[in-house]
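This report describes a single protein chain, going from overall figures to individual elements and residues. The sequence and structure come first.

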Amino acid sequence: MNTLVTPAFEKLVDLLAEGRVLVLSGAGISTDSGIPDYRGPSGALRRHTPMTYQTFMKDPQARHRYWARSYLGWRQIALARPNAAHEAVARLQEQGVLQGVITQNVDGLHQAAGASGVIELHGGLDRVVCLECGAVISRAALDQTLTAANPDFTARAQQINPDGDVDLAEDELDGFVMVACEVCGGGPLKPDVVFFGETVPRPRVAECFALLDGAKALLVLGSSLKVMSGFRFVLQARKNGTPVAIVNQGETRGDTYCDVRIDAPLGRLVPALHHAVTAKCMIN
């Protein structure tokens, strides 16, 4: 017997079969791709304090340490590939089931799986912004420049984190050279992501709320909803009278607000959901 097929699963299938579902994904959907989450089973927050916006902007030494670690972490992010859950979301979108996809992740894996029009709530690690001139630079291009500037930097990453940062011994930071903006020659450079303590741009938030207003259901995939940037969409959905479904391993901040709640590995659950919804739509 398929242990995933429960009354809650069947209710979720019925909800998705109605169409116009808005997906909100978090770090839990990318764990099967080798990228840990912050608060779930792989719990990066248990061993790692993420870089904050305030520290990055005010402390040049902390910013230098971040880039040394991120230089190593980018390689693992760049090599990560979409898993079965990302692919199932993309297929559901292709079938017209989804209203849209909002992700709290910065890894680009939804797009790599084929999803289109994805709103990256917290930005993307594949871009870098110059805080002096505003130029947007490809992270891949920056990586080539950093590699040329650091031929003898041989530190080894111990553990990657969801934001592309890695754990790295302090004594291994020596010798790393950070480069200037290739456009203006200044800087500093910042990954085009929303750090902890930073505000998500208002136009991006407004775009998400507009999608939610047109949705018949909100489906949260792999997010604990501990931060308000994602949780506010659950609160708005409830205010709108829009059903909320949550699939996550471990409890979430939205558990008391949802209509359907499933605790299961996303790499198994989301593909099973895709197959069940496809079969139901074919029958109907």
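What does the accessible surface of the chain come to, and what percentage of that surface belongs to carbon and sulfur atoms?

## Overall figures

The model is predicted. The accessible surface of the chain is about 12700 Å², and carbon and sulfur atoms contribute 51% of that area. The chain has 284 residues, of which 51% count as buried.

In secondary structure, the chain contains 9 helices and 11 strands. Among contacts with a separation of 6 or more, 70% join residues that are 24 or more positions apart.

## Helix α7

Helix α7 covers residues 202-213, 12 residues in total. At 1.5 Å a residue the expected span is 16 Å, and the end C-alpha atoms are 16 Å apart, so the two values agree.

Four residues of α7, namely Val205, Cys208, Leu211 and Leu212, are buried. They lie on the same side of α7 because they cover an arc of only 120° around the axis. On the other side of α7 are the exposed residues Arg202, Pro203, Ala210 and Asp213. The buried residues of α7 pack against four strands, β1 (21-25), β2 (98-103), β3 (119-120) and β9 (217-221), and also against helix α8 (228-240).

## Gly230 in helix α8

Gly230 is part of helix α8. Its relative accessibility is 0%, so Gly230 counts as buried, the cut-off being under 20%.

Apart from neighbours within four places in sequence, Gly230 is in contact with Leu24, Gln104, Leu121 and Leu225. Gly254 is 24 residues away from Gly230 along the chain, and the C-alpha atoms of the two are separated by 10.0 Å.

## His110 in helix α5

His110 belongs to helix α5, which runs over residues 109-112. With a relative accessibility of 2%, His110 counts as buried.

Outside the neighbours within four places in sequence, the contacts of His110 are Ser25, Ile29, His86, Val89, Val101, Thr103, Ala115 and Val118.

## A nonpolar surface patch

Which residues form a nonpolar patch on the surface? The patch consists of Met228, Leu235 and Tyr257, which together have about 240 Å² of accessible area.

Tyr257 is located in the loop between β10 (244-247) and β11 (260-262). Its relative accessible area is 32%, so Tyr257 is classed as partly exposed. That class lies between the limits of 20% for buried and 50% for exposed residues.

Conventions
Residues numbered from 1 in each chain as written. Predicted model: local features only at pLDDT ≥ 70, side-chain atom pairs only at ≥ 80, totals over all residues. Heavy atoms only, no water. Patch = residues over 30% accessible without salt bridge, like charges linked within 9 Å, V, L, I, M, F, W, Y side chains within 5 Å. Areas by Shrake-Rupley, 256 points an atom, 1.4 Å probe, with all protein chains shown as cover. Salt bridge = Lys/Arg side-chain N within 4 Å of Asp/Glu carboxyl O. Helix = DSSP H or I, 4+ residues; strand = E, 2+ residues; numbered from the N terminus. Buried < 20%, exposed > 50% of the residue type's maximum accessible area, 1.4 Å probe, protein only. Expected span 1.5 Å × (residues − 1). Arc of directions from axis to C-beta. Contact = heavy atoms within 4.5 Å.
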